[in-house]
Amino acid sequence: MKRQMVIKQKSRKSNTSSWTTTSSAISNIRYVECQKNHAANIGGYAVDGCREFMASGNEGTVEALRCAACGCHRNFHRKEVDTEVVCEYSPPNA
């Protein structure tokens with residue numbers, strides 16, 4: 001499952017000059033391999049091999065937090081965040 005978060009900040013102006021900056025950050029969030037220890041109750045270590053989180057239901061429902069492949073909650077899957085920041089600067093008009 002891939003989620004995207006966009007953060008924008010626009011038009012920061014100074015009192016002494018009229019420069020403008022615009023910046024935005026785009027974060028792509030992915031949940032990859034399951035890390036749940038299925039043998040923890042007997043003192044061992046065993047993972048099920050699920051390689052990527054796949055939601056069981058639609059976004060915003062309780063089932064969206066359960067993996068269709070392994071049945072675990074999304075928090076058991078390792079989270080990867082890729083963030084891209086873009087900044088633009090407009091110099092003052094002369």
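This report walks through a predicted model of one protein chain, from its overall layout to a few side-chain details.

## The overall layout

Let's start with the big picture. The chain has 94 residues, and 20% of them are buried. Its secondary structure amounts to three strands and zero helices, so if you trace the elements from the N terminus, you read β-β-β. Strand 1 covers residues 2-9, strand 2 covers residues 20-34 and strand 3 covers residues 77-90.

How much of the contact picture comes from residues far apart in sequence? Taking the contacts with a separation of 6 or more, 49% are between residues 24 or more positions apart.

## How confident is the prediction?

The mean pLDDT of the chain is 82, with 77% of the residues at 70 or more. The elements don't share that confidence evenly: strand 2 has the highest mean, 86, while strand 1 has the lowest, 56. As a general caution, predicted coordinates should not be read in detail where pLDDT is low.

## A little charged network

Side chains of opposite charge can pair when their charged atoms come close. Searching the whole structure turns up two salt bridges. In one of them, the side chains of Glu33 and Arg78 meet, with N to O at 2.6 Å. This pair brings together distant parts of the chain, since Glu33 sits in strand 2 and Arg78 in strand 3, 45 residues apart.

Arg78 also bridges to Glu80, where the closest N and O atoms are 3.3 Å apart. Shared partners tie Glu33, Arg78 and Glu80 into one network. Are Arg78 and Glu80 buried, exposed or something in between? Arg78 has 30% relative accessibility, so it counts as partly exposed. Glu80 comes in at 26%, so it is partly exposed too.

## Cysteines without a bond

A disulfide is a covalent bond between the sulfur atoms of two cysteines. How many does this structure hold? The count is zero. Take Cys70: its nearest cysteine sulfur belongs to Cys72 and is 3.7 Å away. Why is that pair not counted? A disulfide needs the sulfur atoms within 2.5 Å, so 3.7 Å doesn't qualify. Looking from the other side, Cys72 has the sulfur of Cys70 as its nearest, again at 3.7 Å, and is in no disulfide.

The surroundings of these two cysteines are worth a look as well. Cys70 is partly exposed, with a relative accessible area of 21%, whereas Cys72 is buried at 3%. Leaving out residues up to four places away in sequence, Cys72 touches Cys34, Lys36, His38, Leu65, Arg66, Cys67 and His77.

## The nonpolar core and its ring pair

In soluble globular proteins, nonpolar side chains tend to be buried together. Here the largest nonpolar core has seven residues: Ile29, Tyr31, Cys34, Cys50, Phe53, Cys67 and Cys72. So Cys72, which we just met, is one of its members.

Two other members of this core, Tyr31 and Phe53, bring us to the aromatic rings, where the count is one pair. The ring centres of Tyr31 and Phe53 are 6.1 Å apart and the planes are at 65°, so the arrangement is edge-to-face. The two residues come from distant parts of the chain: Tyr31 is in strand 2, and Phe53 is 22 residues away in the loop between strand 2 and strand 3. Tyr31 is buried, with a relative accessible area of 5%, and Phe53 is buried at 0% relative accessibility.

Terms used: Residues are numbered from 1 along each chain as its sequence is written. This is a predicted model: local features need pLDDT of at least 70, side-chain atom pairs count only at pLDDT 80 or more; totals for chains, interfaces and linings use all residues. Side-chain values use heavy atoms; hydrogens and water are left out. A salt bridge is a side-chain nitrogen of Lys or Arg within 4 Å of a carboxyl oxygen of Asp or Glu. Helices (H or I, at least four residues) and strands (E, at least two) are DSSP runs, numbered from the N terminus. Buried means under 20% relative accessible area, exposed over 50%, partly exposed in between (1.4 Å probe, protein chains only). A nonpolar core is a set of buried Ala, Val, Leu, Ile, Met, Phe, Trp, Tyr and Cys residues joined through side-chain atoms within 4.5 Å. Contact means heavy atoms within 4.5 Å. pLDDT is the predictor's confidence in each residue, from 0 to 100. Rings of Phe, Tyr and Trp (its six-membered ring) pair if their centres lie within 6.5 Å; planes under 30 degrees apart count as stacked, over 60 as edge-to-face and the rest as tilted.
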